[in-house]
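The following exercises are to be worked with the coordinates open in a viewer. Each task is followed by a solution in steps.

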2 protein chains.
Amino acid sequence: MTGTLFGLGIGPGDPELITLKALNILKRVPVIAYMAADEGESFARSIAAPHLPGGQAEICVRTRMVAGNSPANETYDAYAEEIAVHLQNGQDVAVLCEGDPFFFGSFMYFFMRLAERFPVEVVPGVTSLTACAAEASFPLSSRNDILTVLPAPLPEDELERRLLDTDAAVIMKVGRHREKVIRVLEKLNLADNARYVERATLPEAKVCAVSDLERTEGPYFSMILVQKRGEPWK
Amino acid sequence: MTGTLFGLGIGPGDPELITLKALNILKRVPVIAYMAADEGESFARSIAAPHLPGGQAEICVRTRMVAGNSPANETYDAYAEEIAVHLQNGQDVAVLCEGDPFFFGSFMYFFMRLAERFPVEVVPGVTSLTACAAEASFPLSSRNDILTVLPAPLPEDELERRLLDTDAAVIMKVGRHREKVIRVLEKLNLADNARYVERATLPEAKVCAVSDLERTEGPYFSMILVQKRGEPWK
């Protein structure tokens, strides 16, 4: 009997924002895997750390990000095979996913390589989208709003066009695109309808108005929320 | 000292998909409030039920949905005042929110009435969006995808235009708009890129291809997920 591959949504950062379901699986699987950058600690592992029972095998998936591109396919191929060996031996493997496995996550790269060979179960998690809205006390969408999720690397004119054509928006991965995004929001007179959030739900979280934001590079885990109805709750 | 108003995201349906943070607050507040339709059980309360310690005061917010519209403002005014009395007496009140409080929820109606008078804390929850993706084993978005959340009540030509202009989409509240949505997807040749999901994460969950879907009215809690890159994981 082969093991099950779990895509485990462990939430946006605060270890208390893990679900009971993910926690139970996290504690009982013999093998965990998680993404990490080329160097340094894995954010996903740090979220799970307070909950780990100890004694589990760990696969740290180190990926070198090529400017703006995804890591090489060969990297994922190799790690997928490492995971496959455990599954073939009947051991369950949980891939720890920041936020949610299927919402702008890296789990897809393992899913596409392993889902036809092994049983897969995906446990949804709290995404950065609603974590940022909660952190900023910013009602994101209601009733029949159209909500658009926009990656900040989009070209400036495309960001502009799409912000014009939606009720609410979440601009993700603001990082080094901050100045461009601010410029678009100001041009559209939407700066007062927006809120900047970085590292939501962590102790070092930061929330501020777009007008108070420095026009410098920021962390990758930052977002700008936009609600064009303004602040209807006021 | 006044109490705190909690907007408590309790997840999409499976009681195990509540977060540790929401669970801890749920168990210790003296007063809980939840939405319910004009008649019958509250879905939010049923999600929380296995976790309730007993002995809490409960405010059941009964709202009469006027065809396609939000319940009357007067209804929310009255319930907000009922909640305010507890807060004024120093009692914390948790409003139980299906999914997430700020993602197409009703919590906003209380937030807008009470946030300037009382401390408010919002606890984000797992939304139906990622719950449906997990239920259907459907990777929703990755890399620099543009993801659009579309309410199914939109006019047919607007649904069509917006589906043409996005990488991925989540069509919410499909319910009695099912036939229209199927027609649009077929016209755009996107039926094979879509998956229908109802009552995600509950025992009675249903997932099917759009081509297998009856052209009848369905439950309110149903969604169609669209990923125009097809099934890139295959």
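**Exercise 1. Domains of chain A**

Task: State how far apart the C-alpha centres of domain 1 and domain 2 of chain A lie, and describe the contact between these domains.

Solution. The model is a predicted one.
- Step 1. The domain assignment divides chain A into domain 1 (5-126) and domain 2 (129-227). The distance between their C-alpha centres is 27 Å.
- Step 2. Seven residues of domain 1 of chain A and eight residues of domain 2 of chain A take part in the contact.
- Step 3. On the side of domain 1 of chain A that touches domain 2 of chain A, four residues are nonpolar, two are polar and one is charged.

**Exercise 2. The sheet of chain B**

Task: Determine in which order the five strands of the open sheet in chain B are arranged, and which strands stand at the edges.

Solution.
- Step 1. The order is 3-2-4-1-5 in chain B, with parallel pairing.
- Step 2. Strand 3 (57-62) and strand 5 (120-123) of chain B each have a single partner strand, so they stand at the edges and one side of each has no neighbour in the sheet.
- Step 3. On average, neighbouring strands of this sheet are turned by 20° against each other, direction ignored.
- Step 4. Strand 2 (residues 31-36) of chain B runs parallel to strand 3 of chain B, and six bridges join the two. B:Ala36 has B:Arg62, in strand 3 of chain B, as its bridge partner.
- Step 5. Packed on the sheet is helix 3 (residues 73-88) of chain B, which touches strand 1 (5-9), strand 2, strand 3 and strand 4 (93-97) of chain B. The direction of helix 3 of chain B makes about 165° with that of strand 3 of chain B.

**Exercise 3. The interface between the chains**

Task: Describe the contact between chain A and chain B, and establish how the two copies are related.

Solution.
- Step 1. Chain A and chain B contribute 47 residues each to the contact.
- Step 2. In chain A, at least two residues of the touching side come from each of helix 1 (20-28), helix 4 (107-114), strand 5 (120-123), helix 5 and strand 6. Strand 6 of chain A gives the largest share, five residues.
- Step 3. The side of chain A that touches chain B consists of 30 nonpolar, eleven polar and six charged residues.
- Step 4. Strand 6 of chain A pairs with strand 6 (residues 147-151) of chain B in the antiparallel sense, over three bridges. Opposite A:Leu147 stands B:Val149, in strand 6 of chain B.
- Step 5. Chain A is superposed on chain B by a rotation of 180° with 0.0 Å of shift along its axis, at an RMSD of 0.0 Å. The two copies are therefore related as by a two-fold rotation axis.
- Step 6. Of the interface residues of chain A, 100% are also interface residues in chain B, so the copies meet through the same surface.

**Exercise 4. Two residues with positive phi**

Task: Locate A:Ser137 and B:Thr201, and decide whether each is buried, partly exposed or exposed.

Solution.
- Step 1. Most residues other than glycine have a negative phi. A:Ser137, not a glycine, has a positive phi of about 50°. B:Thr201, also not a glycine, has a positive phi of about 75°.
- Step 2. A:Ser137 lies in the loop between helix 5 (128-135) and strand 6 (147-151) of chain A. B:Thr201 is placed in the loop between strand 8 (194-198) and strand 9 (206-209) of chain B.
- Step 3. A residue is buried if 20 or more other C-beta atoms lie within 10 Å of its own, and exposed if 12 or fewer do. A:Ser137 has 16 C-beta neighbours inside 10 Å and so counts as partly exposed. B:Thr201 has 23 other C-beta atoms within 10 Å and is therefore buried.

Terms used: Residues numbered from 1 in each chain as written. Chains lettered and ligands numbered in written order. Predicted model: local features only at pLDDT ≥ 70, side-chain atom pairs only at ≥ 80, totals over all residues. Domains from an automatic or database assignment. Contact = placed C-beta atoms within 7 Å. Nonpolar A, V, L, I, M, F, W, Y, C, P; charged D, E, K, R; others polar. Helix = DSSP H or I, 4+ residues; strand = E, 2+ residues; numbered from the N terminus. Pairing = 2+ DSSP bridges. Least-squares fit on C-alpha atoms with pLDDT ≥ 70 in both. Axes fitted to C-alpha atoms, helices over the stretch in contact; angles between N-to-C directions.
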